[in-house]
Structures are given as C-alpha cells and as structure tokens.
Amino acid sequence: DVYVIVDRIKLTSLTASDTRLDVGAEVEIRATAVLEYDGHPLGPGDSLTIGGLTLTWDSVDGRFEGRESKAAVQAKTYGSGSGSEATYGITAVNMNGLSVTVIWDRLEVYDYGVSDSRVNVGDPVAIWVKIRYDYDDAVFDDSKGSVYIGGVAASWDPDGQRWYITETRSSAQKVDYSSPSSFTDSAYGLTVITGSTTQSVIWDKLSVSLSADDYRLNVGDTATISWSVTRQYDGSPVTDFAIAIAKDGGSWYSGSASSKTDSDPAVSKHTYTCTSITDNAYGLTVFDANSIDIIWDRIQVQSYTVSDTRANVGDSVNIDVLLYYDYDDAPVTDGSVAINGIAAAHLGGGVWRITQSRSAVQAVTYDAVTASGNAYGITVVDQNGKSATVIWDRIKVVSFTAPERVDVNASAGIEVHLIYE
C-alpha cells in the first residue's frame, strides 16, 4: 500500500511584543508552528510569513520572529500567512484562528487655551489643554495617565474634559507654558505627541505718571495737570482708559482725558494723585502712581528799612526791603526786583537795596515792589501794607531879631527863627 499524507503548516502561537505603540516604533511579531498531521515543529531551514512580514527562526527563543515599524498612525492585523517546511515542501498554512492586531498611535493635542492672556499681577489664570489618542480619538484622562503643563502637574477637569493648572505671579512678567511640557501614558506607554503648543500669559501692572506744566506759580494762574499711563511689562502706552484723580485726597477728576487745569486765588499747596484706573484694552486695574504737589504763591513784603528817614538834600539814603515767598517764608534771593521802579540789588537773605538821593527838599514814600525772573517765576507781590518814607530836607532861616544899638560892653540878645524847609 502507498500512503499519501496531505498536510499543512499550523500556527500554534502568534503574539506581538506590543499591541499599541508609538508611531515609528518597532514591533516584534512572534510565532510558532508545526506540521498539522503529526505535530512536527517547524524550525531552522523553514520559513514563515505573517501579514506580509517575513519571520526568521530564533534558535535561542525557539520561535519565528520579525520586526516592523510604521511612520503613520494606523492599525495592522496579522491574520494571514504563508510558509515553507523544508523537509516535505509543505507550504499551505492553517492560521488556526490566530491573529494579532498592532496599533501605531500617538497622543494628540486637539484644543488648548488660557482663561486670560494678560491680567493683573496677583490674579489667577487657568492654562489648559485637551489631549486624545490620535488613532481612535479616545480622550486621554486621569484614568490613562498624567500631564504636566509648563513643568507644573496638571489636574483633570471631568466637566471640561481637559487638563489644567492655575497660576499667578506677583510682578509684571510673561510666562510661557509648554502645553503639555510632559506626560505619562499609563495605559499604553506612548511617548509621542502631536500638536503640542506653547501658551503665554502676561501678568501686568499699570504705571501712572502725573506731571504739571508748572509746580509753583502765581496765585490766580492756571496750571495744567497731565497724566500718562503705560504697561509695566513692555512699556506700551495705554490710550484707552478710565481714570480717577484725587486732589488733596478728595475726588477731583474722573474720565478718559489725559489732562485737566486747576487754579487757586489763595496761597496754597495742593496734592494730586491717581486713585483708580482701568485699561480698557486688557481690563488691567492694578497700578503704581506718583503724586505731585503744586504751589500757588506770591512774594510778600516783610519790612522796609532805611538808613535815614530824614536826610540832607543831596545825601544818599539806603532803602532796603525784605522779601519772602508767602507760602513757606523762604527768602527771595534771585531774579530781578525793583522798588518804586528802581532796580534793586540783592544783599543776601532776601534783603534788596536801592540807594537814593534828592537835590530838592521832598518826601518820597517807597511802597511799590515788583519782581520777575526768580526761580519759581513768581511775579505777584503782596505789598502787605508795608512802606517807608524818606525826607530829604534842609534848615531854612526865617528871620533874625536883634536890637539896633546897645551900650559898649552891654549884652545884646539876638534871635534867629529856623524851620525845616
């Protein structure tokens, strides 16, 4: 009798080193097989191809192995095969119901954002990111791993289906947040991600600078108080704002202008500062601001001193006037001063002098001081009711009285009548 054995190769095991791995990573397909009729194992010299992948015999592990990688996200099922048994030339393959599917995958950032990209220093900001598996769009949540944003461990928000951190800063600065900066995939061990981004948040503060066109001016004159606003992070100007300015602690101006005028008819000092401001572009309200003082002032005559109140015609007389600034009683030491229109010289300590003489009998009252060109530009002078009068005079003989003739050796009375002319 002649026996003919009809046989085929039968797979006895089919596995993969990983069934879900990073795109670009290499998977190892492992298989063992026998001849189905008598269980004769395949080994060296035999060949086996599964899913188009040629496997080679590994004598150490006693199995067929082949390696393969994919550069794109995809799934591949190893469910068909071919082979060749060298001893009997058997090539038919029975997969024995075995197959293995391998998914090349990566994580994908599909949405991200911040609660506000430019905020007040000290304000909290949420930075968030949404992540899913690229292959099947399954959400990557806290059951599958962990996420860091900007190097900070993120929390999972089940309602928003996103990972987030909450950050704040106490000074003006910009912070960049890698979203994500790292992650751990506990479910599949993936390490590749696409769509990662960097999100920036600026913590900022406003600077309000007040200034005036004159900080010490005449009573009754008008000063212009101006203010400019910048953002501390980058020095950019703020032109659209709402501001409130206080005068001596009380409300003085509220609006969107950049200046306002003020005046005071009395000697006084007023302090101006910003009490609130809103940057309408970014909603910033935290600020630093300076204060300015403006003094309305005048020069006040303190006293007159003359070297002689009644002098000979032709004699010189010194007329001195002592001048102070009325606001702080500081002496007036510079500029130009005139007394009754006559230019005076500064002697020191606020004392100004003119020297006068007259060639005829007369009285002159000195009561008109003018000033200009001093450090503060003050020209208003309060005469303060002060004055000095100098009389240039001489003695006038009105008459002589004497007897016409007297005895020898007798006394004669002679009278003369004198007056100040």
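Before I start, one term: two strands pair here if DSSP finds at least two bridges between them. With that in hand, good morning, everyone, and please keep in mind that what we are looking at is a predicted model.

Let's begin with a pair that meets that rule. Strand β16 and strand β17, residues 162-167, run antiparallel and are joined by three bridges. If you want a spot to click on, S155 stands opposite Y164 in β17.

Now zoom out a little. These two strands belong to an open sheet of five, in the order β16-β17-β13-β11-β20, and the pairing in that sheet is mixed. Its edges are β16, at 155-157, and β20, at 193-194, each of which pairs on one side only.

Stay around β16 and β17 for a moment, and turn on the side chains. R162 and D157 meet in a salt bridge, with N to O at 3.8 Å. Are these two buried or exposed? R162 is partly exposed, because its relative accessible area is 25%, while D157 has 18% relative accessibility and so counts as buried. Next, look at E167 and R169, which form a salt bridge with their closest N and O atoms 3.2 Å apart. Here R169, at 24% relative accessibility, counts as partly exposed, and E167, with a relative accessible area of 13%, is buried.

Let's move to another sheet. This one is open too, with three strands in the order β12-β21-β18 and mixed pairing. Why does each edge strand have a side without a neighbour? β12, residues 118-120, and β18, residues 173-179, each have a single partner strand, so one side of each is left free of a neighbour in the sheet. On average, and ignoring direction, neighbouring strands of this sheet are turned by 30° against each other. The pairing of β18 with β21, residues 197-204, is antiparallel and runs over seven bridges. Within it, you'll find Q173 opposite W203 of β21.

Now to β3, which covers residues 26-35. Seven of its ten residues are buried, so this strand is largely enclosed by the rest of the structure. Who are its partners? Strand β1, residues 9-16, pairs with β3 in the antiparallel sense over seven bridges, and there K10 stands opposite V34. Strand β6, residues 63-69, also pairs with β3 in the antiparallel sense, this time over six bridges. In β6, E65 is the bridge partner of R30.

Walk off the end of β3 and you enter the loop that leads to β4, at 47-50, and in that loop sits D46. I'd like you to pause on this one. Which side chain of opposite charge is nearest to D46, and how far away is it? The answer is R63, at 15 Å; D46 is buried yet has no salt bridge. What does its side chain reach instead? The backbone nitrogen of G43, at 2.8 Å. Leaving out residues up to four places away in sequence, D46 touches P41, F64, S84, E85 and A86.

My last stop is strand β30, residues 291-297, where we find I295. I295 counts as buried, because its relative accessibility is 12%. Setting aside neighbours within four places in sequence, its contacts are Y215, R216, L217, S268, K269 and Y327. For a sense of scale, pick I295 and Y112: they are 183 residues apart along the chain, and their C-alpha atoms are separated by 56 Å.

One of those contacts of I295, R216, brings us back to charges. Side chains of opposite charge can pair when their charged atoms come close. D297 forms a salt bridge with R216, and the closest N and O atoms are 2.8 Å apart. This pair links distant parts of the chain, with D297 in β30 and R216 in β23, residues 216-218, 81 residues apart. Both D297 and R216 are buried. Elsewhere, salt bridges that share partners join E26, E28, R30, D61, R63, E65 and R67 into one network. How many salt bridges are there altogether? The count comes to 29.

So, if you open the model after the meeting, I'd suggest two places to look: D46, buried and with no salt bridge, and D297 with R216, both buried and joined by a salt bridge. Thanks for listening!

Note on methods
Residues are numbered from 1 along each chain as its sequence is written. This is a predicted model: local features need pLDDT of at least 70, side-chain atom pairs count only at pLDDT 80 or more; totals for chains, interfaces and linings use all residues. Side-chain values use heavy atoms; hydrogens and water are left out. Helices (H or I, at least four residues) and strands (E, at least two) are DSSP runs, numbered from the N terminus. Axes are lines fitted to C-alpha atoms, for helices over the stretch in contact, and angles run from 0 to 180 degrees between N-to-C directions. Buried means under 20% relative accessible area, exposed over 50%, partly exposed in between (1.4 Å probe, protein chains only). Lys and Arg count as positive and Asp and Glu as negative; His and the chain ends are not counted. A salt bridge is a side-chain nitrogen of Lys or Arg within 4 Å of a carboxyl oxygen of Asp or Glu. A polar contact is a pair of N or O atoms within 3.5 Å; within protein, one must be able to donate a hydrogen and the other to accept it, and residues adjacent in sequence count only if both atoms are side-chain atoms. Contact means heavy atoms within 4.5 Å.
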